Amino acid sequence: MKIEFRNIHKRFGAVHANNDVSFIVPTGKIYGLIGENGAGKSTLMKQLSGYFSSDSGQILLDDRPVKIVSPADAVRQGIGMLHQDPLDFPPMRLLENFMTACNHGVILPQSAALKAFNDLCKQFDFDLDPNAFVNEVTVGERQQLEIIRLLWLGVRTLILDEPTTGISAIQKVKLFQTLKKLAQQGMSILFVSHKLEDVQELCGELAVLKRGVLVGTLTAPFDERKMVQLMFDQAFELHPRSDVPLGDSALDLKDVTIVEGPNRMEHANLQVRKGEVIGIAGLEGSGQRLLMQSCAGLLRPLSGYTAINGIDLSGKGYPFFEQNGVAFLPADRLVEGLVSGMTIAEHAVLLAQKEKRPEGKGLFINWKAAIEESDSRIKDFRIKGRPESTVNSLSGGNQQRTQLALLPAKISVLIMEHPTRGLDIESANYIWDKLLKRRDQGACILYSSADLDEILQYSDRVLVCFANRIHAIVPRKELSSEDLGYLIGGKSLSDLKSLAM
Ligand SMILES: Nc1ncnc2c1ncn2[C@@H]1O[C@H](COP(=O)(O)OP(=O)(O)O)[C@@H](O)[C@H]1O
Ligand SMILES: [Mg+2]
């Protein structure tokens with residue numbers, strides 16, 4: 001089935017997630033859709049599969065303009081999507097799941113469904129047990145189940161959104177074989193990915209999205225340099241940075257493994273010295289969040305050694321890290337950072353209590369002192385708010401300024417997720433000025449950002465997470481934005497060296 005996107009627009013509030021996207025996916029091909037996090041890939045695919053409607057623009061199937069009103073409607077029109085985010089699976093057997101949403105019009109006897117199930121498994125060499133429970137099988141097996149289910153429903157276009165995340169190497173080989181076979185049989189396949197290798201292996205053509213805009217289409221064999229150039233921003237000025245001498249080791253990780261639900265960070269080794277700034281890059285879910293949370297004592301690693309300023313804190317909780325000078329500014333300012341409903345002055349009291357300053361001591365809170373104190377912090381950090389303003393009434397930029405204003409006086413390790421996400425340039429620069437002052441006073445800084453410019457601009461070293469590991473740690477001076485793009489996409493440093501030749 002030929003698919004055409006024509007001038008598709010989709011907004012979420014201020015975010016223009018798809019901005020005038022037009023391209024054609026030919027019949028019987030595996031077509032790649034690539035772009036960094038937040039580029040708008042899933043949003044576009046969800047319009048084709050009936051989960052979202054477009055704000056404007058048209059989708060044409062075999063040159064016929066269509067309206068796709070729901071996922072079931074999409075399936076009726078021949079389009080099925082495998083999702084990036086695992087859907088909730090009730091404790092249902094594989095065969096029962098296979099039979100759900102069946103639109104064959106009649107209620108088939110279970111024996112017929114079982115036959116279809118087995119035939120399809122055989123055809124694609126899937127080893128699925130129809131009586132196993134869906135919530136107990138692996139991600140890869142659920143994916144196989146979903147593929148045969150959609151095939152049985154008669155789809156002629158299959159959308160896979162980041163399908164190689166969370167499946168084993170063997171399952172990936174099988175998935176790729178299946179997709180190639182399906183394309184040969186005339187199925188159109190849309191393959192969404194940020195992994196250069198995967199699209200290189202699989203796709204004949206691809207489209208690149210950046211910040212909602214289609215920035216290019218390419219034909220195989222793909223020039224990886226070109227892919228990376230299209231995916232990531234190129235032109236920016238590198239800010240020269242003052243060379244603050246590095247001090248002793250502030251943070252040490254040796255072979256740290258962290259597991260939280262389905263997320264992992266395995267065998268992390270890292271040493272950060274006083275005065276050093278480490279930018280952490282990687283696509284969402286590559287393990288960086290776990291790494292940062294464990295460095296702050298917010299998650300207990302399964303194994304490994306963690307020390308702050310040479311003091312062994314392995315297995316200890318957040319209070320110990322806090323006492324030893326670790327501060328953590330989470331991405332979710334209002335959920336984990338600030339207490340919604342509390343005022344700036346109340347936060348200042350909490351801080352005074354934590355730091356055991358006189359204003360915070362004793363039975364009675366000295367409100368006059370607390371208000372004066374927060375007033376001076378508000379001025380110092382140019383927060384648009386008052387001591388009695390609740391933090392949830394502040395804008396995002398002012399919430400971030402408030403978090404910074406409320407950092408304890410003594411910090412040796414400052415860990416931040418997306419410190420300037422959602423802020424205007426002026427606020428972002430201001431916040432970095434304040435952060436670098438902390439660095440100049442001897443704190444080391446670890447921060448994550450999805451903005452490669454921000455990573456390259458402020459880091460001394462760049463740490464890249466990929467597939468639940470620290471994939472590379474590279475001195476900033478040796479790293480171009482292009483190479484950073486490659487590393488984030490899973491290329492290794494040695495690949496880059498050979499590319500350069
Ligand atoms: N349901 C939603 N509500 C609000 N914003 C959304 C929603 N879905 C996606 N977005 C935003 O749209 C942009 C594109 O997201 P998405 O399509 O998921 O990107 P990608 O799949 O390329 O990583 C992002 O800024 C994201 O935050
Ligand atoms: Mg996505």
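Let's start with a single pairing inside the protein: L82 has L160 of β7 as its bridge partner. Keep in mind that this is a predicted model. From that one bridge we can work outwards.

L82 belongs to strand β6, residues 79-82, and this strand runs parallel to β7, with four bridges joining the two. On to the next pairing: β7 also pairs with strand β8, residues 188-193, again in the parallel sense, this time over five bridges. Here L160 turns up once more, standing opposite F191 in β8.

So how well covered is β7 itself? Strand β7 spans residues 157-161, and five of its five residues are buried. In a regular strand, side chains alternate between the two faces of the sheet. For β7, one side carries T157, I159 and D161, while the other carries L158 and L160, and all of these are buried, leaving both faces covered.

Now follow F191 a little further. Which residues does F191 touch, once its neighbours within four places in sequence are set aside? They are I30, Y31, G32, L160, V199, L202 and C203. L160 is on that list, the residue we just saw opposite F191. In soluble globular proteins, nonpolar side chains tend to be buried together. In this model the largest nonpolar core has 127 residues, and F191 and I415 are the ones that touch the most other members.

Next, the ligand. Around ligand 1 you'll find F12, V15, A17, G35, N37, G38, A39, G40, K41, S42 and T43. Two elements each give two or more residues to this shell: β2 (15-25) and α1 (41-48). The largest share, three residues, comes from α1. Sorted by class, the shell holds four nonpolar residues, six polar ones and one charged one.

Finally, step back to the whole chain. The protein is split into domain 1 (3-231), domain 2 (235-336 + 410-501) and domain 3 (339-405). Between the centres of domain 2 and domain 3, taken over C-alpha atoms, there are 27 Å. Where these two domains meet, domain 2 brings nine residues to the contact and domain 3 brings 10. On the domain 2 side, α11 (333-337) and α15 (425-440) supply at least two residues each, and α15 gives the largest share with three. What kinds of residues does domain 2 put against domain 3? Four are nonpolar, two are polar and three are charged.

Key: Residues numbered from 1 in each chain as written. Chains lettered and ligands numbered in written order. Predicted model: local features only at pLDDT ≥ 70, side-chain atom pairs only at ≥ 80, totals over all residues. Domains from an automatic or database assignment. Contact = placed C-beta atoms within 7 Å. Nonpolar A, V, L, I, M, F, W, Y, C, P; charged D, E, K, R; others polar. Core = buried A, V, L, I, M, F, W, Y, C linked by C-beta atoms within 7 Å. Buried ≥ 20, exposed ≤ 12 C-beta atoms within 10 Å, placed from the backbone. Near = placed C-beta within 6 Å. Pairing = 2+ DSSP bridges.
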